[in-house]
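Colleague: Hi! Could you walk me through this one? I'd like to start with the aromatic rings.

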Amino acid sequence: MNCINWRSRNLFPNISQNILSDWRHFVSKCLLIALCFCFLMIQPAFAGADDDRYDGNIFVVYAGNGSLVPPKETLATALSEHKPIFMIFYVDDSSDCKKYAIVGSEVQAFYGRVTEIIPVDVDTIPVKAKYEPTEPGYYYSGGVPQVVVFNPDGKVVLNKKGQVPFEEIDDRFREIFDLLPRTESVELKRRSFNEFSSELRQ
């Protein structure tokens, strides 16, 4: 009798140890399988300038300029304040817009203090039958990138789709601000009063 009791006492701890050990192995195998399954299911988020995948705001990622978005003023406010305006229509998942983002940053570098720069994500334009001239949707022509330049009177002096070169935008702003042509001055220099008066004297 004593012999049976002694064996049964030793038997129960062994069974519980085996069950605990088997349970740990089972849980660790389940976790390993789940981890492998996750690695197989997760697609790497590789995006670049040459594809149409979203990988963040294009001005931050591709132009290194987070100050452009969101714009400081609306189109309606900038028009009412008679400011020159550079408006750029874009989407974040367009390779063309990704490549063009640096031009928006270039415009800001040269004209940011005297011009209102308004990047417009076309996905945020509300769908309406008709837009007012104070709304970006009024000027959007259905493609990206698209740039629109307004003079201080609110007149559109440039409205073009595609990879519009910085030089073309620069030419419009040089006209607006009465700056020397690029051929005469790479720097942004205003025509001097003496140039005009000397021409008038002759």
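Colleague: How many aromatic pairs does the structure hold?

Modeller: Eight aromatic pairs turn up in this structure, and keep in mind that the model is predicted.

Colleague: Okay, take Y139 and F150. How are their rings arranged?

Modeller: The ring centres of Y139 and F150 are 5.0 Å apart and the planes sit at 90°, so we call the pair edge-to-face. An angle over 60 degrees is what earns that label.

Colleague: And where do Y139 and F150 lie?

Modeller: F150 is in strand 3 (146-150), while Y139 is in the loop between strand 2 (116-121) and strand 3. The pair therefore ties together parts that are 11 residues apart in sequence.

Colleague: Is Y139 buried or exposed?

Modeller: Y139 counts as buried, because its relative accessibility is 12% and the cut-off for buried is under 20%. F150 is buried as well, with a relative accessible area of 0%.

Colleague: Which residues form an aromatic cluster?

Modeller: Y111, F173 and F177 make up one cluster.

Colleague: New topic: pockets! What volume does the largest pocket have?

Modeller: About 300 Å³. The largest pocket is lined by 20 residues, and those closest to its centre are I118, V120, T124, I125 and P136.

Colleague: Which element gives the largest share of that lining?

Modeller: Strand 2 does, with four residues. Helix 3 (75-80) also supplies at least two.

Colleague: What classes of residue are in the lining of the largest pocket?

Modeller: There are 13 nonpolar residues, plus four polar and three charged ones.

Notes: Residues are numbered from 1 along each chain as its sequence is written. This is a predicted model: local features need pLDDT of at least 70, side-chain atom pairs count only at pLDDT 80 or more; totals for chains, interfaces and linings use all residues. Side-chain values use heavy atoms; hydrogens and water are left out. Rings of Phe, Tyr and Trp (its six-membered ring) pair if their centres lie within 6.5 Å; planes under 30 degrees apart count as stacked, over 60 as edge-to-face and the rest as tilted. Buried means under 20% relative accessible area, exposed over 50%, partly exposed in between (1.4 Å probe, protein chains only). On a 1 Å grid over the protein atoms alone, a cavity is a set of points where a 1.4 Å probe fits but cannot get out, and a pocket is an open set with protein on both sides within 12 Å along at least five of seven lines; lining residues have an atom within 4 Å of a point. Grid points are joined across faces, edges and corners, and a volume is the space filled by probe spheres set on the points. Ala, Val, Leu, Ile, Met, Phe, Trp, Tyr, Cys and Pro count as nonpolar, Asp, Glu, Lys and Arg as charged, and the others, Gly among them, as polar.
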